[in-house]
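Hi,

Here is the structure I promised to pass on. Have a look at it first, and my notes follow underneath.

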Amino acid sequence: MAAGVSCDTCAYLMYDEDYEDYVCDINMDEDDYSRLVQSHYKECPYYRDGDDYKVVRHQM
């Protein structure tokens with residue numbers, strides 16, 4: 001993931017007890033994974049801000 005995106009705020013970040021670490025928990029099929037590995041993304045295409053109140057603050 002690029003420096004512009006913080007993993008700490010990603011809504012898909014989940015703690016995995018087997019790995020004893022945080023992992024990106026997103027459902028991808030083999031085609032999605034293949035495209036992700038072969039591409040040259042500058043930022044994670046699956047990043048989603050975990051701040052549920054961001055939209056509400058924007059509307060105020």
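In what sense do strand β1 and strand β2 pair, and over how many bridges? Before the reply, one caution: this is a predicted model. The two strands, β1 at residues 13-16 and β2 at residues 21-24, run antiparallel and are joined over four bridges. To get your bearings, find Leu-13, which sits opposite Cys-24 in β2.

Next, the turn. Four residues lie between the strands of this hairpin, and Glu-20 belongs to that loop between β1 and β2. Glu-20 is worth a click: its phi is positive, at about 55°, even though the residue is not a glycine. As background, most residues other than glycine have a negative phi. Is Glu-20 buried or exposed? Glu-20 is exposed, because its relative accessible area of 62% lies over the 50% cut-off.

Then there are the aromatics. The count of aromatic pairs comes to one. The partners are Tyr-15 and Tyr-22, with ring centres 5.2 Å apart and planes at 70°, so this pair is edge-to-face; the angle needed for that label is over 60 degrees.

How open are these two rings' residues to the outside? Tyr-15 has 45% relative accessibility and therefore counts as partly exposed, while Tyr-22 reaches a relative accessible area of 52% and is exposed. The two labels fall on either side of the 50% cut-off, which is why they are worded as they are.

If you open just one view, try the hairpin with Glu-20 in its loop and the Tyr-15 and Tyr-22 rings shown.

Cheers

How values were computed
Residues numbered from 1 in each chain as written. Predicted model: local features only at pLDDT ≥ 70, side-chain atom pairs only at ≥ 80, totals over all residues. Heavy atoms only, no water. Pairing = 2+ DSSP bridges. Buried < 20%, exposed > 50% of the residue type's maximum accessible area, 1.4 Å probe, protein only. Phe/Tyr/Trp six-rings, centres within 6.5 Å; stacked < 30°, edge-to-face > 60°.
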